[in-house]
Amino acid sequence: MGQGLFVTFEGIDGSGKSTQAGLLVEHLKSAGLDVLRTREPGGSPGAEEIRSLVLEGEPDRWSAETEILLFTAARRDHLEKTINPALAAGKVVICDRFADSTRVYQGITRGDLRPMVDQLHTLMIGREPDLTFIIDMDPGTGLNRALSRQTSEERFEGFGEEMQRKMRTGFLELANEFSDRCVVVDGNRDIQSVADEVAALALARLA
Ligand code: ADP
Ligand code: TYD
């Protein structure tokens with residue numbers, strides 16, 4: 001039983017987070033590590049149910065405040081049921097999105113709700129990742145990639161390019177704010193180049 005390592009991927013929709021999370025999982029597994037891949041919103045049965053509530057339906061289905069509660073409730077369940085047990089068992093946990101997404105999406109897209117996000121985070125989550133990859137991506141390219149997916153989970157994808165631009169800036173600001181754990185990776189390259197850089201940074205952190 002060790003301490004484990006908690007790694008997250010963040011960035012705008014379509015920036016390549018899922019692709020890179022999957023490749024890092026394979027890389028670390030082939031290096032002999034015990035790895036758990038998970039995602040938010042979701043990652044536990046209860047949180048996956050909340051995922052459908054927040055990602056499907058009309059854009060105005062929930063207010064920003066209600067969304068903060070729902071995402072935080074999902075995160076709390078995910079932590080209790082999936083992340084904390086895996087870390088306690090010494091695993092490397094690779095998670096597609098975590099609290100930084102709430103800080104950006106709910107914190108800045110509809111007014112300045114960051115103080116509310118932070119208060120609830122302190123009260124209910126109280127944990128940051130050990131290492132966060134922020135995949136930086138041209139907002140237009142990211143949006144086109146995200147929109148080309150056929151999915152019912154599209155509540156946030158109607159935001160448009162201007163909002164993607166604002167969120168990109170938000171993620172880059174978070175990288176400065178949490179510079180001890182965040183690394184910005186240029187996602188405007190071929191998949192393997194990005195994956196090579198991510199793997200090298202993760203292995204260096206594990207060493
Ligand atoms: P995210 O999880 O950030 O929304 P995905 O990993 O699902 O992004 O990638 C969105 C789409 O873009 C997918 O179809 C994926 O295959 C493609 N993609 C991901 N990274 C790259 C890249 N570096 N170059 C070109 N296409 C990419
Ligand atoms: P995800 O499935 O990672 O979408 P994508 O692959 O397009 O990046 O996440 C779904 C959406 O949920 C995404 O638009 C961002 C949003 N989201 C929030 O608004 N707040 C949150 O706290 C999280 C975790 C996700």
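**Entry 1: helix α7**

A helix here is a DSSP run of H or I at least four residues long, and helices are numbered from the N terminus. I went by that rule when I looked up Gln164, which lies in helix α7, residues 161-177. I also kept in mind that this is a predicted model.

Is Gln164 buried or exposed? I find Gln164 buried, because its relative accessible area is 2% and the cut-off for buried is under 20%. I then checked the spacing to Asp138: the two residues are 26 apart in sequence, and their C-alpha atoms are 8.9 Å apart in space.

**Entry 2: helix α8**

Next I went to Ala200, which has its place in helix α8, residues 191-206. I noted Ala200 as partly exposed, because its relative accessibility is 47% and that class runs between 20% and 50%. From Ala200 I looked across to Leu24, 176 residues away along the chain, and got 9.8 Å between the C-alpha atoms.

**Entry 3: ligand 1**

I turned to the ligands and took ligand 1 to begin with. Which residues come nearest to ligand 1? There are 13 residues around ligand 1, and the nearest are Gly14, Lys17, Ser18, Thr19 and Arg189.

I went through the polar pairs one by one. Lys17 puts a polar side-chain atom 2.6 Å from an oxygen atom of ligand 1. For Ser18 I also read 2.6 Å, between an N or O atom of the side chain and an oxygen atom of ligand 1. With Arg189 the backbone is involved: one of its polar backbone atoms is 2.7 Å from a nitrogen atom of ligand 1. As for cover, ligand 1 has 560 Å² of accessible area on its own, and the protein covers 73% of that.

I placed ligand 1 in the largest pocket. Helix α1, residues 17-30, gives the largest share of the shell around ligand 1, with 3 residues. Sorting the shell of ligand 1 by type, I got 6 polar, 5 charged and 2 nonpolar residues.

**Entry 4: ligand 2**

Then I did the round for ligand 2. I have 16 residues around ligand 2, with Lys17, Arg97, Thr102, Gln106 and Arg149 coming nearest. I had already met Lys17 among the residues nearest to ligand 1.

Two side chains give a polar atom 2.9 Å from an oxygen atom of ligand 2: one is Asp13, and another is Arg51. For Thr102 I read 2.5 Å, from an N or O atom of the side chain to an oxygen atom of ligand 2. How much of ligand 2 does the protein cover? I noted 93% of the 550 Å² of accessible area that ligand 2 has on its own.

The space that ligand 2 takes up is the largest pocket. I listed the elements that supply two or more residues to the shell of ligand 2, and these are α2, α3 (64-88) and α4. The largest share comes from α4, with 4 residues. By type, I counted the shell of ligand 2 as 8 charged, 5 nonpolar and 3 polar.

**Entry 5: Arg97**

Arg97 had turned up beside ligand 2, and I went back to it. I found Arg97 in the loop between β3 (92-96) and α4 (99-108). Is Arg97 buried or exposed? I put Arg97 down as buried, because its relative accessibility is 12% and buried means under 20%.

I then looked at what the Arg97 side chain touches. I got a polar contact of 3.2 Å with the side chain of Asp13 and another of 3.0 Å with the side chain of Tyr105. Asp13 is also one of the residues with a polar side-chain atom close to an oxygen of ligand 2, at 2.9 Å.

The backbone made me stop as well. Arg97 is not a glycine, yet I read a positive phi of about 75 degrees for it.

**Entry 6: a cis bond**

Last, I looked up the peptide bond between Glu40 and Pro41. I noted this bond as cis, with omega at about -10 degrees. Pro41 belongs to the loop between β2 (35-39) and α2 (45-55).

Why did I flag these two backbone spots? Most residues other than glycine have a negative phi, and most peptide bonds are trans.

Note on methods: Residues are numbered from 1 along each chain as its sequence is written. Chains are lettered from A and ligands numbered from 1 in the order in which they are written. This is a predicted model: local features need pLDDT of at least 70, side-chain atom pairs count only at pLDDT 80 or more; totals for chains, interfaces and linings use all residues. Side-chain values use heavy atoms; hydrogens and water are left out. A residue is near a molecule or strand if one of its heavy atoms lies within 4 Å of it. A polar contact is a pair of N or O atoms within 3.5 Å; within protein, one must be able to donate a hydrogen and the other to accept it, and residues adjacent in sequence count only if both atoms are side-chain atoms. Accessible areas come from the Shrake-Rupley method with a 1.4 Å probe; for residues, only the protein chains shown count as cover. On a 1 Å grid over the protein atoms alone, a cavity is a set of points where a 1.4 Å probe fits but cannot get out, and a pocket is an open set with protein on both sides within 12 Å along at least five of seven lines; lining residues have an atom within 4 Å of a point. A molecule sits in a cavity or pocket if more than half of its atoms lie within 2 Å of its grid points. Ala, Val, Leu, Ile, Met, Phe, Trp, Tyr, Cys and Pro count as nonpolar, Asp, Glu, Lys and Arg as charged, and the others, Gly among them, as polar. Buried means under 20% relative accessible area, exposed over 50%, partly exposed in between (1.4 Å probe, protein chains only).
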